[in-house]
Structures are given as C-alpha cells and as structure tokens.
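Hi,

Here is the structure I promised to pass on. Have a look at it first, and then read on for what turned up when I went through the pockets and the domains.

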Amino acid sequence: MLERYALDWAAATIGVVVGVLAIGVMFAASAILAPRRPSPEKGIPFESGILPAPYQQSQIHIRYYIFAILFLIFDVEAVFLFPWAVVFMKIAQIKNDAGQLIYSNAVANAVFYEMIIFIAILGFGVAYAWRKGVLQWR
Amino acid sequence: MLRDLIVITIQVFALVTALTAVVLSLVWLERKTLARLQRRMGPMVVGPHGLLQPVADALKLLVKEDIIPALADKPLFWLAPLVVFVPSFVIWVTIPFAQSFAVRNMELGLFFIVAFSVLSIVGVVMAGWGSANKYAVLGGLRSAAQLISYEIPIIMVVIAVIMLPHSMNLVTIVEGQRAIPYALLQPLGLVIFLLAGVAEVGRTPFDIYFAESEVMGGPFIEYSGAHWAVFFLAEYVNTFTIAVLAALLFLGGWAFPLMPEATWVGFLGVLVKAYLVVLVIFWFRGTFPRLRIDQLMSFGWKVLIPLSFVNFGLTAAYLFYGLSRWSLALASLFVTAAVAYTIYRRMTWPARATAEQRLAKARAYRRVETTDAR
C-alpha cells in the first residue's frame, strides 16, 4: 500500500520534471532558431500603438476580492464534501476487528442529515449575499 | 521499485509525445470545423486537406522572435508558461484510457485531477501581472475571477459523480457505469460539467479573459514566439482533458456497445467519445456569441452553482433513500429541460420583444394609412 502511494507521487513528480523538460527543450530550440534583435520600441507595453499612459499596473477593483472570499467558502466546503461523499453510504457497514458493526443506524442517518444542515447554512449565506447584491458584477 | 520508476518515466515521455500529436490534431480539427460551420474550406494548402498546417504553425512560432517587454517582471514572465502548462500536463499521469491503460491508476485520481488543474489559474495571473501591461493585468484578474467561479460547479458535479460508485478512482468510476452510463442517470451533471468545463478552459462563449475586442488577448498580450506557443499548447491540452473526463465520468468510458471486450477497443472507445465531446465544444465556439463579463459571472454564480447543488442533492437523496434509478434520471432530466427552456426564453426574449414592437408599430402605421385613404 505504502509503495503504491510512493509510486503514485513518484509518477506525479516525474510528470512535473518531464513537463518542465519538454517546455525547456522548446524554449532552447526557440533560443537557437529565433532571431533576437531587441529595440526600445519593442519593449514598450502594447496599447494599440498609442504610447502607454504613465502607470503600468493598474489598481485592483474590490469586486475581485469579494468573489475570491465567496470562492474560499465553497472551496473549504468541498474539502469536507469529498470524504463525506465517498463514505456516507458505507458508514453503517464499517466493522471493527471482531467483525461487529461500529456505528448504529442512527449514527449513519445523522451523518447524512448533518451534511444537509451544513449545506443549508452555507446556502443561506449565499442567499444572503445574493439578496445583498454581492453577486452582481459592478 | 527502480524498474517501476524507469517504466513510469518511459510512459510519461510517451504521454508527452501522444499529447503533442493530440494537440496538433485538435488545432486542425478546430480550424476545419469552424470553416465548415462558416461555409469555408479552412486550411487546404499545406499537406493534403491542410493536415500539416498545425505543424507549420508550430515551426513558425518556434522561429519567431521572443519579445520580452522592457518593464516586465522577468522571472514571472518566464515562469508563467511553465506554471500554466505543467499542472495541465501532470494530471494526465492518472487518466486511464482502458482498464489497465494509465501511467498510474491512483486511488484518489479524481481528487488529484481537481487539485492540480486549479494550479494553472496561478500561472495565468502571473502572466498577467508579469507583463506590466494594463490589459494583461485586467485580463489576469478577470481570468482569476472567472476560473475560480466556474471551479465550484465542476467540484460539485465531480462530488455528485463519486457518490455513485463510492470511489475517487477513475477505473472504479468507469466500471460502475457498466450497467448504465452516468450521463443517463445525471443528465444535469453532464450539462453543468460541459458548460463549466468550457468556461474553465476559456473557450469561446466564455473566453472573457482574453477577449480580443475587450482586453486584446488579456494575460497573453505581450507574449510571442515559443512562450505564447506554450499557452496555446496548454489551452488545447485542457480542452482535451475536459473532453476525456466527460467521456470517462459520464459517457461510460471504455464500455462500447456492440464491440468485443479488448484493451484496444476500450482505448478507441474513449478516444471516439472524447473527440465527439471536443466537436461539441468547437460547435459551441462556432455558434454562440461571447458573454459579457457581468453575464458570465451571474451565469456562474446564479445558475450553475445552484444547479450543481440541486444535482448534488438529487444524487444524495437517491442514494440515501434508495430510490429507483428511473426517479433520479427523470428528476435530473426534468430540471435540465426546465433550465434549458428558461435560458432559451431569456436568450431569445430581446429579439422577440423588438420584433413585437416593430410589428405593433407597423400595424399602427397601416391603420393610419387606411384611415387616411378613407
């Protein structure tokens, strides 16, 4: 089991290395084949051929921040949902070493309804945000 | 152990080659499909039916000068293509093409895919910020807003899928569809997955963050040559990933009706299904106009996210109360049809209203004319 996980992550690491390598070969080929004649005009930021206005990196509007916070809520929720989705139907069948069921049926039901309540609370939060007009792009 | 590592390395190299071939074929297919939709021939000159056109394009991009703007943040500018491409490539390590035809059949495969595919967002924002260009910064931020918004429906749909076979292993998920593909059990899930997937890849109805007419290429505005080619590559790899995932999660993967059970049949089955999904994605591009950014965000937050929760709730209720398959399929189909009808009405409403207005005006005009004649 442990070896299997080790190999999984080794494969992911090899994937990263090979991906970087493939891109590196491409960049190297381009560095050898492509011409390189820098000029001050080429270095100007492109703004439809007009000389750029004095500032380059504009200020960031607050709305991006609000959407990022909303996303964070759902993402944390997803962390709880993934394991729940895999085991919630199996929890009544989990046995201990002696072969007895660990959880009673009531616990298995509670596992389901707890998640429903959790999602309902989050849904209320989103409904509140919607009602307040946060979801409207302005 | 060492032997396993060597085998994995060889397989990953084969994967790079195969994916490059797939990207070239997709570029050709997209240009041909769009051309046919617009009653043109598309590329015809380089090779038979323009088959070598993508190769020629790739070569051209390699020999083009790689311009780096003077004010650019050079490390960010250089690293951004890598950060976009590598995560979208790494997830291919665990995507199976037949029962035992994957580099690694990970136990948490789907979780790995969802977790890694989000990383490319960082790369796009890096590209936007590093370019030191107003449009690029704007495009980068837009991409962050769009991609995180459409990530949630994808995650919720994926959770609804893993509830059915109680596993995140892609092989187990596909084997769970022997009797009935999940596309028939959760049509709503498939529709949400496709729409959110197209948005996640940033293809045309949802390509707001590099829209030419608004931000002129967005985060990629200052990129040229090989650097730009990497973004291009990543976009097509992502498109194919979404298509293959749709084929594996919803269309039954390598289960192919009326064909013998064999590895090559399964491989072919997945490939055929994935290319069909890709064709649908290209068809979207040829048909729908681009959304405005406020429409895009409201579609994500007010339509797709509530719908994905409905899909999740339906599946959870089906499993927990032990309802019949028919009830889940029919409920899901009903919600899909209702949503499709509502969207259709909303999309055609402005044109309809204008037409009715004009008709009323014409009628009034004609009434005036006839009374004058009298």
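**Pockets and domains in chain B**

The lining of the second largest pocket splits into 24 nonpolar, eight polar and nine charged residues. Before going further, please keep in mind that this is a predicted model.

That second largest pocket holds about 860 Å³ of space. It is lined by 41 residues, and those closest to its centre are Val201(B), Gly202(B), Tyr209(B), Phe210(B) and Glu235(B). Quite a few helices of chain B take part: H3 (74-90), H4 (109-117), H5 (120-130), H6 (134-163), H9 and H11 (225-249) each give two or more residues to the lining. Which of them has the largest share? That would be H11(B), with eleven residues.

Now for the largest pocket, which has a volume of about 1,100 Å³. Here 30 residues form the lining, and Leu291(B), Phe299(B), Ile343(B), Tyr344(B) and Met347(B) are the ones closest to the centre. In chain B, helices H9 (187-201), H13 (293-320) and H14 (325-373) each supply at least two lining residues. H14(B) gives the most, with ten. As for chemistry, the lining of the largest pocket comprises 23 nonpolar residues, four polar ones and three charged ones. You may want to look at H9 of chain B in both places: this helix supplies residues to the lining of the largest pocket and also to that of the second largest.

On to the domains. The assignment for chain B gives domain 1 as 1-62 and domain 2 as 64-322. Their C-alpha centres are 19 Å apart, and the contact takes 19 residues from domain 1 and 23 residues from domain 2. Between them, the two domains of chain B bury about 2,100 Å², with carbon and sulfur atoms giving 80% of that area.

Which residues of domain 1 lose the most area to domain 2? They are Leu26(B), Glu30(B) and Leu61(B), which together account for 29% of what the domain 1 side buries. Glu30(B) is worth a second look, since its side chain also meets that of Arg285(B) in a salt bridge, at 2.7 Å from N to O. Across the whole interface of domain 1 and domain 2 in chain B, the rule finds two salt bridges.

That's what I have on the pockets and the domain contact. Shout if you'd like to go through any of it together.

Cheers

Note on methods: Residues numbered from 1 in each chain as written. Chains lettered and ligands numbered in written order. Predicted model: local features only at pLDDT ≥ 70, side-chain atom pairs only at ≥ 80, totals over all residues. Heavy atoms only, no water. 1 Å grid on protein atoms, 1.4 Å probe; cavity = no way out; pocket = protein on both sides within 12 Å on 5 of 7 lines; lining within 4 Å. Points joined across faces, edges and corners; volume = space filled by probe spheres on them. Helix = DSSP H or I, 4+ residues; strand = E, 2+ residues; numbered from the N terminus. Nonpolar A, V, L, I, M, F, W, Y, C, P; charged D, E, K, R; others polar. Domains from an automatic or database assignment. Contact = heavy atoms within 4.5 Å. Buried area = accessible area lost by both parts, 1.4 Å probe. Salt bridge = Lys/Arg side-chain N within 4 Å of Asp/Glu carboxyl O.
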